[in-house]
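Let's walk through this protein together, moving from its loops to its helices and back out again. Please have the chain open in your viewer as you read.

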Amino acid sequence: MTALPENYKEITSAEHFQGLLSADLQRVSLINFWAPWAEPCKQMNEVVLELARKYPQLLVLQVEAESQSDIAESFEIEAVPAFIVLRGHTLLARISGADATALTEAVATHTRPASSVKALSQTDRAPADPEKEETPEELNARLGRLMATDKVVLFMKGEPDAPRCGFSRRMVALLRDQGAQFSHFDILSDDKVRSGLKVLNNWPTFPQLIVNGEFVGGLDIVQEMVENGELKDMLA
């Protein structure tokens, strides 16, 4: 029988769970809530084991939902399989059901080093005078500054390590797979930026990718550029 990886732990009690989780608050953890009678759980358990082998820096905690009901209830688990991704005690992602693709992408995203990603500074983000109503011209000038802050800027929902929509999560994964260094802006933090970019770039949805101050496209366009090699050339 093949030995289980060191980072793969079968949880035996709430105390065991808390001890492992609290040992390193910078570590990313994947919690797999499963049940032995559920066929989808059997399939996903294999996926989780492979992820544990692929990402030795990831702490994988196997929690049988019914025998460890206190843990399951604390995470409001109502059905299995269900997956929680944490950094320390901070929630990064929640995946419900046997969605191997979403789980794999979430783990890949959150186990990448964060050093290649930076947020735009508060000075970049804010209007010049927060007490004064921005004119359309002032807003467009601020949007231009935001778009030109870095070679690559991603306007997305949420943060790269905690995207708040599936499209933003997939865009981050694409950029990281390309080895791109990029700044990001959470459009949910500023309604004027969110609405203004839709008009300025003539693009109704997010995420939006900017390279060298110019709008490149949304997820579908960037995906196509990855497939034909155009994005790698653009980022070089």
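In which loop is proline 81 found? Proline 81 sits in the loop between helix H3 (69–74) and S4, where helices (H or I, at least four residues) and strands (E, at least two) are DSSP runs, numbered from the N terminus. Before going further, a word on the ground rules: this is a predicted model, in which local features need pLDDT of at least 70 and side-chain atom pairs count only at pLDDT 80 or more, while totals for chains, interfaces and linings use all residues. Residues are numbered from 1 along each chain as its sequence is written, and side-chain values use heavy atoms, with hydrogens and water left out.

Back to that loop. The peptide bond leading from valine 80 into proline 81 is cis, with omega near 0°. The loop between H3 and S4 also holds glutamate 76, which has a positive phi of about 55° although it is not a glycine. Why are such features worth a look? Most residues other than glycine have a negative phi, and most peptide bonds are trans. Glutamate 76 is exposed, with a relative accessible area of 61%; here buried means under 20% relative accessible area, exposed over 50%, and partly exposed in between (1.4 Å probe, protein chains only).

Further along the chain you will meet another cis bond, from phenylalanine 206 to proline 207, with omega near 10°. Proline 207 belongs to the loop between helix H8 (191–200) and strand S11 (208–211). Just past S11, in the loop that leads to strand S12 (214–217), is asparagine 212. Asparagine 212 is not a glycine, yet its phi is positive, near 55°. With a relative accessible area of 51%, asparagine 212 is exposed.

Now turn to helix H2. Its 16 residues (39–54) should span 22 Å at 1.5 Å a residue, and the end C-alpha atoms are 24 Å apart, which agrees; the expected span is 1.5 Å times one less than the number of residues. Which residues of H2 are buried? They are Cys41, Met44, Asn45, Val48, Leu49, Leu51 and Ala52. Looking down the axis of H2, you will find these buried residues within an arc of 160°, so they line one face of the helix (the arc is that of the directions from the helix axis to the C-beta atoms). On the face turned away from this buried side, H2 carries the exposed residues Glu46 and Lys54. The cover over the buried residues of H2 includes strands S1 (8–10), S2 (28–34), S3 (59–64) and S4 (82–87), along with helix H4 (100–111); contact means heavy atoms within 4.5 Å.

One residue of S3 deserves a stop: leucine 59. At 4% relative accessibility, leucine 59 counts as buried. Leaving aside residues up to four places away in sequence, leucine 59 touches Asn7, Lys9, Leu20, Arg27, Val28, Ser29 and Leu30. Aspartate 24 is 35 residues from leucine 59 in sequence, and their C-alpha atoms are 9.8 Å apart in space.

Helix H4 is our next stop. Its 12 residues should span 16 Å at 1.5 Å a residue, and its end C-alpha atoms are 16 Å apart, which agrees. The buried residues of H4 are Ala102, Leu103, Ala106, Val107, Ala108, Thr109, His110 and Thr111. Among the elements covering them are H2, S2, S4, strand S5 (90–96), strand S9 (162–163) and H7.

How do H4 and H7 pack? H4 and helix H7 (residues 166–177) meet at an angle of about 55°, with their axes 10 Å apart. Axes are lines fitted to C-alpha atoms, for helices over the stretch in contact, and angles run from 0 to 180 degrees between N-to-C directions. That makes H4 oblique to H7, since angles under 35 degrees count as roughly parallel, over 145 as roughly antiparallel, 65 to 115 as roughly perpendicular and the rest as oblique. At this contact, Ala102, Glu105 and Thr109 in H4 meet Arg169, Arg170, Val172, Ala173 and Arg176 in H7.

H7 also packs with helix H9 (residues 219–228), at an angle of about 25° and with the axes 10 Å apart. H7 and H9 are therefore roughly parallel to each other. Here Phe167, Arg170, Met171 and Leu174 in H7 meet Leu219, Val222, Gln223 and Val226 in H9.
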